[in-house]
Amino acid sequence: MKRYAGKLMTTAIAATLLMILFGFGSADAQTTATINWTEVHQFIDGFGASDAFVGPLSSANQTFFFSTGTGDLGLSMLRTEVPNNGDASGDCTTVNAGCAGPFVSDMKAVLANGGVVYSSPWTPPPAYKTNGLNTCTDEAGLITSDYGAYATWLANYVKSLKTEDNITLYALSVQNEPNECLDYDSAFWTAAEIDSFVANNLGPAFNSAGLSTLILVPEGSGYDQMSLGSTCATDTSCNQYVGGVNWHDYDAELTGTNTIAADPYPSDWPAGKKYWETEASCGSGFGPNFCESGFNTDITDALDWAAVIDQRIAVDNANAWLYWWLVGADSTDDQALVDSAGTIAKRAYILGQYSKFVRPGYFRIDATHLPAAGVSVSAYQNTANDALVIIATNYTSSEVSQEFAITNAPAFASLTPWTTSASLSLAEQASVSLTSNSFTYNLPADSITTFSSLTPPTATPTPTATPTPSATPTSTPTPSGTVSINPSSLNFGDKTTVGKPSKAKDVTIKNDGGKKTGAAVNVEMETASPPVFIVKSQCKENLAPGKSCKVSVTFMPADTTPQNGSLMIFDNASGSPQSVDLSGTGAVAKKKK
């Protein structure tokens, strides 16, 4: 905290300070942190880091990073490297076990604990590059005539994971840091090249293969490189295939103790895409402006990263946030959560304060973000089991007594706090009782505390499983959110004229929960791919138990090639996203006699 020293205060300043001291005015006045259960914001995909170049992990590290057991972080997203038939072994010219890559055991570990897997290519195979190397020289990139072959390579990677290891890849980036040409695995792409590759090659390749894996662009080294996606953003032939916009946080800027410059969703992109921050760290000569030298394990470094995560999730509305390495190659900088000697940085536990409790499929809900000077608050829900998570960070060097009030919500009897501070690391604290859904808690100095209505899950969950409650918030049995999708497939036949829309077909989404024990299901959105299948009307509702809604889909064939695709339904029920198989074949227009 900055203090005045060696300066005389003017009479006006002195008078203002006296007014604050005696209650006639207030700067940074403390207020109640109000959490509004019914004011729902973005879907949360998860929190995690990468094993690229350093994986596969030991079984002990897999447990520490991905398990939600005592002492573990519960990271819910793993970022891996796509094989390139070079430094990252694996030949993907065909679908085969080697094409699944060397990180399969790490992928299975995160999936077994309810997480998701996402991959980035650091470079196309050398055979497809202008310089014939894994590394980048003279802005070497993908050979234009190999665009189709590389799209097939990436589709084969996704298919190999599924057929060989039953791993569904959640998302795939087009290129890691396409603005960087470096002396390790890298490739240079322009905005026009990304647009052309996705629109004409990668998107169609994924669609013809019936792949539901999200395509992400541009993944530049900083938010200042978001322009690498701008051509695709404004080109419907490209952006129709893109499921998310992603970037790296190396240019994050901290002012004071917890003020981070905003990285808002880029205005040139159509609304509704995922928004992911997918890499950040501190290294020699790079990183945010708060970076220090060496491998730092102190709470100051940890709270700096806490401020970044809070800004991205609670203000910039990102759906995911990832650090760089899980385990570092050495102990010389802050590129990893754990160094090569096994030393755990406090920032690892800061990330765990989010990932262990705010699981994939949760939604952020409204909360008073800055209720007191140096304090930030965010909140999350899962209506499938009435789970509530509140995350409060105290960036000050003094304890802060903070009041919380939960409105428009189920009645919660108690919440369990978990705290990371200079002396604590994701440590469980004594539960707090609520009166009329309100409570007051003393936030320790320099700390982050997560209040959860549930304990983290200890059993192996499904990818969208939610924690088991430690204290049932109401007297009724704990509900579970389930939906049924009917029908499970739509076949538009072979009579629809090329270039003309078919008659719409409906899919019904029904909340199968019991009237007494069930919970509302929040249906977020539906998307269809390839683009010949069109979602004509959305079902975006909070479905009470027993209620249903309909999604309408049409088929508009571009030619007479048989088409296969899928309708993806995103909600907070078990099994999300659910999918419906789509198929159809266009017919040649009949000539008038």
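**View 1. Surroundings of Asp-51 in the predicted model.** Leaving aside residues up to four places away in sequence, Asp-51 touches Leu-78, Arg-79, Thr-80, Phe-103, Asp-106 and Leu-326. Asp-51 sits in the loop between β2 (46-50) and α2 (59-66). Asp-51 is buried, yet has no salt bridge. Which side chain of opposite charge is nearest to Asp-51? That side chain is Arg-79, 8.7 Å away. A salt bridge needs a side-chain nitrogen within 4 Å of a carboxyl oxygen. Two of the contacts of Asp-51, Arg-79 and Asp-106, return in the next views.

**View 2. The salt bridge of Arg-79 with Glu-279.** The closest N and O atoms of this pair are 2.7 Å apart. Arg-79 belongs to strand β3 (residues 77-81) and Glu-279 to strand β10 (residues 274-279), so the salt bridge ties together parts that are 200 residues apart in sequence. Are the two partners buried or exposed? Arg-79 has 0% relative accessibility and therefore counts as buried. Glu-279 has a relative accessible area of 5% and is buried. Side chains of opposite charge can pair when their charged atoms come close. The whole structure holds 10 salt bridges.

**View 3. Helix α3 and its cover.** Helix α3 spans residues 104-112. Which residues of α3 are buried? They are Val-104, Asp-106, Met-107, Ala-109, Val-110 and Leu-111. An α-helix has 3.6 residues a turn, so residues three or four places apart point the same way. The cover over the buried residues of α3 includes α2, β3, β4 (116-120) and α4 (147-165). Asp-106 is also a contact of Asp-51. Just after α3 comes Gly-114, with a positive phi of about 90 degrees.

**View 4. Helix α8 against helix α9.** Helix α8 covers residues 299-315, and helix α9 covers residues 346-355. Their axes come within 8 Å and cross at roughly 35 degrees. The crossing is right-handed. From α8, the contact takes in Ile-299, Asp-301, Ala-302, Leu-303, Trp-305, Ala-306, Ile-309 and Asp-310. From α9, it takes in Lys-346, Arg-347, Ile-350, Leu-351 and Tyr-354. How many residues of each class make up this contact? There are 9 nonpolar residues, 4 charged residues and no polar ones.

**View 5. Asp-249 and Arg-312 joined by a salt bridge.** The N to O distance is 2.9 Å. Asp-249 lies in the loop between β7 (242-248) and β8 (254-255), and Arg-312 in helix α8, so the pair ties together parts that are 63 residues apart in sequence. Both Asp-249 and Arg-312 are buried.

**View 6. Asp-494 and Lys-495, with a salt-bridge network for comparison.** Asp-494 pairs with Lys-495, their closest N and O atoms being 3.9 Å apart. Asp-494 has 44% relative accessibility and so counts as partly exposed. Lys-495, at 71%, counts as exposed. Elsewhere, salt bridges that share partners join Asp-249, Asp-263, Arg-312 and Asp-316 into one network.

**View 7. Ile-44 and its contacts.** Ile-44 is found in the loop between β1 (33-43) and β2. Its relative accessible area is 0%, so Ile-44 is buried. What does Ile-44 touch, not counting residues up to four places away in sequence? Its contacts are Ile-313, Ala-318, Asn-319, Val-358, Arg-359, Pro-360, Gly-361, Tyr-362, Phe-363, Arg-364 and Tyr-380. Ile-44 and Ile-313 are 269 residues apart in sequence. Their C-alpha atoms are 8.8 Å apart in space.

**View 8. Gly-283 in the loop between β10 and α8.** Gly-283 has 16% relative accessibility. Why does Gly-283 count as buried? Buried means under 20% relative accessible area, and Gly-283 is at 16%. Beyond residues up to four places away in sequence, Gly-283 touches Asp-333 and Gln-335. Gly-283 and Ala-336 are 53 residues apart in sequence, with 9.5 Å from C-alpha to C-alpha.

**View 9. The whole chain, for orientation.** The chain has 9 helices and 32 strands. Of its 593 residues, 55% count as buried. Among contacts with a separation of 6 or more, 74% come from residues 24 or more positions apart.

Conventions
Residues numbered from 1 in each chain as written. Predicted model: local features only at pLDDT ≥ 70, side-chain atom pairs only at ≥ 80, totals over all residues. Heavy atoms only, no water. Axes fitted to C-alpha atoms, helices over the stretch in contact; angles between N-to-C directions. Helix = DSSP H or I, 4+ residues; strand = E, 2+ residues; numbered from the N terminus. Left-handed = near helix turned anticlockwise from the far one by under 90°. Contact = heavy atoms within 4.5 Å. Nonpolar A, V, L, I, M, F, W, Y, C, P; charged D, E, K, R; others polar. Buried < 20%, exposed > 50% of the residue type's maximum accessible area, 1.4 Å probe, protein only. Lys, Arg positive; Asp, Glu negative; His and termini not counted.
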